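Visitor: I would like to go through this model with you, one chain at a time, and I will ask for a value or a name at each step. Could you set out the reasoning before you give it?

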Amino acid sequence: MPDDLSIAEVERIAALARLALTDEEKALYAAQLGRILEYARLVAELDTREVAPTAAIGSGAQVERADVPRPPLPHETAIANAPDTAAGLFRVPRVLGDA
Amino acid sequence: MPDLHALSAREVRDGVARGHFSAVDVCQSCLARIDALEASVHAFISIDRTGAIARAETLDRRTAKTRELPLAGVPVVIKDNLCTAGTKTTAGSRILGDFVPPYDATSVARLTAAGAIVLGKANCDEFAMGSSTEHSAFGPSRNPWDTTRAPGGSSGGSAVAVAAGFAPLALGSDTGGSIRQPAAFCGVVGLKPTYGRVSRYGLIAFASSFDQVGPFARSAADAALVLGIMAGADPADSTCASHAVPRYEAALTGDVRGLKIGVPRAMLEHGVDSDVAACFESALDALRERGAAVRDIQLPHGRYGIPVYYLLATAEASANLARYDGVRYGFRAESTTLTGMYERTRDEGFGAEVKRRIMLGTYALSAGYYDAFYRRAQQGRTLIRRDYDEAFDAVDIVALPTTPTAAFKLGERLDDPLQMYLADVFTVGAPLAGLPALSVPCGVTGERLPVGLQLIGRSFDEETLLRTADAYERVRGAMPLPGASSPSR
C-alpha cells in the first residue's frame with residue numbers, strides 16, 4: 001500500500017493553496033493524494049539527463065497586436081460581479097492586523 | 001418537413017438560405033426535442049429559449065444578409081466554461097454560480113457572427129476537471145445511449161446535446177481529452193485543434209499550456225465547417241497563432257490513398273476492452289481498403305503520459321484557480337479576517353475534485369518537491385513531444401482508440417480518482433505535444449455503446465484528420481441513433 005501523506009503535510013499544502021479544509025477532507029486527501037503521488041513517482045524512471053523541460057507549446061512567433069489604445073471595459077461593468085463593493089471599489093474584511 | 005433537429009449544420013444553413021424552412025422552425029424543432037428529452041439526460045446548465053427564438057426571428061427578417069452567413073440559423077450549444085455576454089457562465093462550479101460575463105469568448109462571438117443561434121450552456125465537470133460530468137456542481141449529465149452511464153467529460157453536456165439531437169453543433173474545451181472522450185462515449189465527432197489554432201479569449205482557464213476550444217458535430221464535414229469559422233488569430237489572445245486558416249471543407253475529398261497511419265501497438269497491450277479493440281481494428285481495415293497504409297510505430301514514453309499530464313495540469317490549475325478569492329467575482333463566504341475569507345470561500349466554493357487537483361498541483365510545485373515532480377514532468381513532456389516528432393517522420397496520422405473502454409456506469413469511478421485519471425491514457429498524448437486530435441465514432445460494443453477512433457495529426461494539420469475521418473464515415477455509413485433518445489422520432 002502506498003503511504004498516505006501526513007495530516008501535517010496536507011495542512012501545509014492547504015495553507016499554501018488557501019483552502020480551509022475540514023478534518024474529513026484532510027483525512028480523505030491524505031489517503032488519495034498519497035495514492036496518486038505514488039503513481040506519479042513513475043516519472044522518476046525517466047532518463048532526463050540533458051532533457052530540457054517543456055513549459056509551453058510555442059505555436060510560432062509571439063503574436064502581438066498593435067499597441068493602440070482601445071476602449072476599456074466600463075468601470076461599473078468590470079466590478080458588477082463582485083460580491084461586495086462600496087464607492088466603486090471592492091470591499092474586503094479588515095486587512096491590517098490579520099494573522 | 002423533415003425532422004429539423006436531426007439535420008446537419010450544413011443542411012440547416014442551406015435550407016434556411018434557400019427558404020425551405022426558417023431559422024425559427026429549426027430553433028423550435030430543437031427546443032421541442034430538448035423539452036422531450038432534457039429531463040432524462042441533463043445536458044444543460046441553462047437554456048435560453050426566448051433569447052434563441054428572438055435571435056432566430058432577427059435572422060429570418062434579414063433574408064438577404066442571412067443567405068450569406070455560413071451558419072445561418074444553425075443551433076449551437078456552448079460549454080458553460082466559455083463566456084457568453086449577459087448569460088450566466090458557471091464552469092460547473094458553485095464558486096461561479098451567479099457569474100454573468102461582460103463579454104463573449106472569441107470562439108462564441110465568431111459562431112454567432114456567422115449566424116449560429118446559441119440555445120444554452122452545456123453541463124461540464126467543475127472547471128473542466130473530470131471525465132464524467134459527475135464533478136459538476138449542478139449534477140451529472142447522462143449518456144443518451146444508456147442513461148445509467150456517464151457521457152464522459154469534462155465537456156459531457158456538449159457531447160450529449162449533439163448526440164441527443166438538441167443541436168447539430170456544440171463547443172467544448174479539451175485539456176487532457178475533455179472533447180474527444182465524451183465524443184467517443186456519446187457517438188459523435190469531437191475535435192481538439194492544435195494548441196494555438198483557436199482563440200481562448202473568454203475560455204475559463206484550467207491548464208493554460210494545454211487548454212483548447214473545439215467543436216462537437218455529427219460528422220467530420222460539420223466539424224470542418226465550424227473549425228474554419230472559429231480558427232485564426234485573435235488580437236485578444238497572444239497564444240493564438242497567426243497561421244493562415246485553410247478551407248477545411250475543401251480537404252474532404254474522400255481520398256486517403258497513400259495516407260500513412262501509425263498504430264502504437266505497445267500502448268494497446270493492456271486494459272483495452274475487447275469490443276473496443278475489435279471496433280478499432282475494423283476501422284483501420286476500412287481505411288486500408290480505401291488505400292491507406294497502416295503500420296506499427298513506437299511511442300516509447302506513452303506510459304508516462306498520465307503522470308506527466310496530471311502533474312503539469314494540476315500545477316497549472318493550482319495557479320490559475322488562485323484568482324477565485326471571493327473579491328472580484330463569484331461566491332464569497334463571510335469571515336472577519338481576509339485570510340479566513342479566502343480560505344472559507346475556496347473550501348465552500350470549490351467541489352471535491354477541484355480541491356483535490358489544487359492540492360496535488362500545489363504539492364508538485366512546493367519547495368522540496370518541485371524538482372522531483374514538476375520539473376521532471378516538464379522533462380517528460382519534452383520526451384513525449386519527441387516521440388511524436390519521430391513518429392510523424394514516418395507516418396501522417398497516429399491512430400488509437402479514443403478510450404480503453406466504452407462509457408462506464410455513473411458512480412463507478414467516483415470514489416477512486418486515480419482510476420478515473422487512468423481512463424485518459426489515450427487522450428493526454430496529443431495535448432502534451434500540442435497536436436490536433438479528433439474522435440470519430442467507429443461502431444458500437446455488444447452492449448450498444450459507441451466506440452471512438454482517435455486520429456492524432458501533425459501540428460496545424462487538421463485537414464488530414466478531417467479528410468481521414470470523413471473518408472472513414474463514407475465507408476461506415478450513418479451511426480445508429482442512441483436508443484434512449486428515440487421516443488419522439
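Guide: A definition comes first: two strands are said to pair if DSSP finds at least two bridges between them. Please also keep in mind that this is a predicted model.

Visitor: With that definition in hand, how many bridges join S5(B) to S6(B), and in which sense do the two strands run?

Guide: One point of register is that Val189(B) of the one strand stands opposite Ala217(B) in S6(B). The two strands S5(B) and S6(B) run antiparallel, and the number of bridges that join them is two.

Visitor: Which residue in S10(B) stands opposite Leu191(B)?

Guide: S5(B) is also joined to strand S10 of chain B, residues 437-444, with the strands running antiparallel and three bridges between them. Within this pairing, the residue that stands opposite Leu191(B) is Leu438(B).

Visitor: Which residues of S5(B) point the other way from Val189(B) and Leu191(B)?

Guide: In a regular strand the side chains alternate between the two faces of the sheet. In S5(B), Val189(B) and Leu191(B) point one way, and both of them are buried. Those that point the other way, and are likewise buried, are Gly190(B) and Lys192(B).

Visitor: How many residues of helix H8 of chain B are buried?

Guide: The helix covers residues 220-230 and is mostly covered; among its buried residues are Asp222(B), Leu225(B), Val226(B), Ile229(B) and Met230(B). The cover over these buried residues includes strands S4, S5 and S6 together with helices H1, H5 and H16 of chain B. Of the eleven residues in the helix, the number buried is ten.

Visitor: Which residue just after H8(B) takes a positive phi?

Guide: The position in question follows directly on the end of H8(B), and its phi is about 115°. The residue is Gly232(B).

Visitor: Is strand S3 of chain B largely enclosed or open, and why?

Guide: The strand takes in residues 117-122, and a residue counts as buried when its relative accessible area is under 20%. Six of the six residues meet this condition, so the rest of the structure leaves S3 of chain B largely enclosed.

Visitor: Which residue in S3(B) is the bridge partner of Lys79(B)?

Guide: S3(B) has an antiparallel pairing with strand S1, residues 44-47, over three bridges, and there Ile47(B) has Gly120(B) as its bridge partner. S3(B) is also joined to strand S2, residues 75-79, by five bridges, and these two strands run parallel. In S3(B), the bridge partner of Lys79(B) is Ala122(B).

Visitor: Is Ala266(B) buried, partly exposed or exposed?

Guide: Ala266(B) lies in the loop between strand S7, residues 260-263, and helix H9, residues 274-289. Ala266(B) and Gly302(B) are 36 residues apart in sequence, and their C-alpha atoms are 8.8 Å apart in space. The relative accessible area of Ala266(B) is 49%, and since the exposed class begins over 50%, Ala266(B) is partly exposed.

Visitor: Turning to chain B as a whole, what is its radius of gyration?

Guide: Chain B contains 16 helices and eleven strands. For its 489 residues the globule rule gives 23 Å, and the value for the chain is close to this, so chain B is as compact as a globular protein of that length. The radius of gyration is 21 Å.

Visitor: What share of the residues in chain B is buried?

Guide: Among the contacts with a separation of 6 or more in chain B, 76% are between residues 24 or more positions apart. The accessible surface of the chain comes to about 15,200 Å², and 49% of this belongs to carbon and sulfur atoms. Of the 489 residues, the buried share is 66%.

Visitor: And for chain A, what is the radius of gyration?

Guide: Chain A has three helices and two strands, which follow each other from the N terminus as α-α-α-β-β. Buried residues make up 31% of its 99 residues, and its C-alpha atoms fill a box of roughly 55 × 45 × 25 Å along the principal axes. A compact globule of 99 residues would have a radius of gyration near 13 Å, but that of chain A is 23 Å.

Conventions
Residues numbered from 1 in each chain as written. Chains lettered and ligands numbered in written order. Predicted model: local features only at pLDDT ≥ 70, side-chain atom pairs only at ≥ 80, totals over all residues. Heavy atoms only, no water. Helix = DSSP H or I, 4+ residues; strand = E, 2+ residues; numbered from the N terminus. Rg over C-alpha atoms; globule rule 2.2 N^0.38 Å. Buried < 20%, exposed > 50% of the residue type's maximum accessible area, 1.4 Å probe, protein only. Contact = heavy atoms within 4.5 Å. Areas by Shrake-Rupley, 256 points an atom, 1.4 Å probe, with all protein chains shown as cover.
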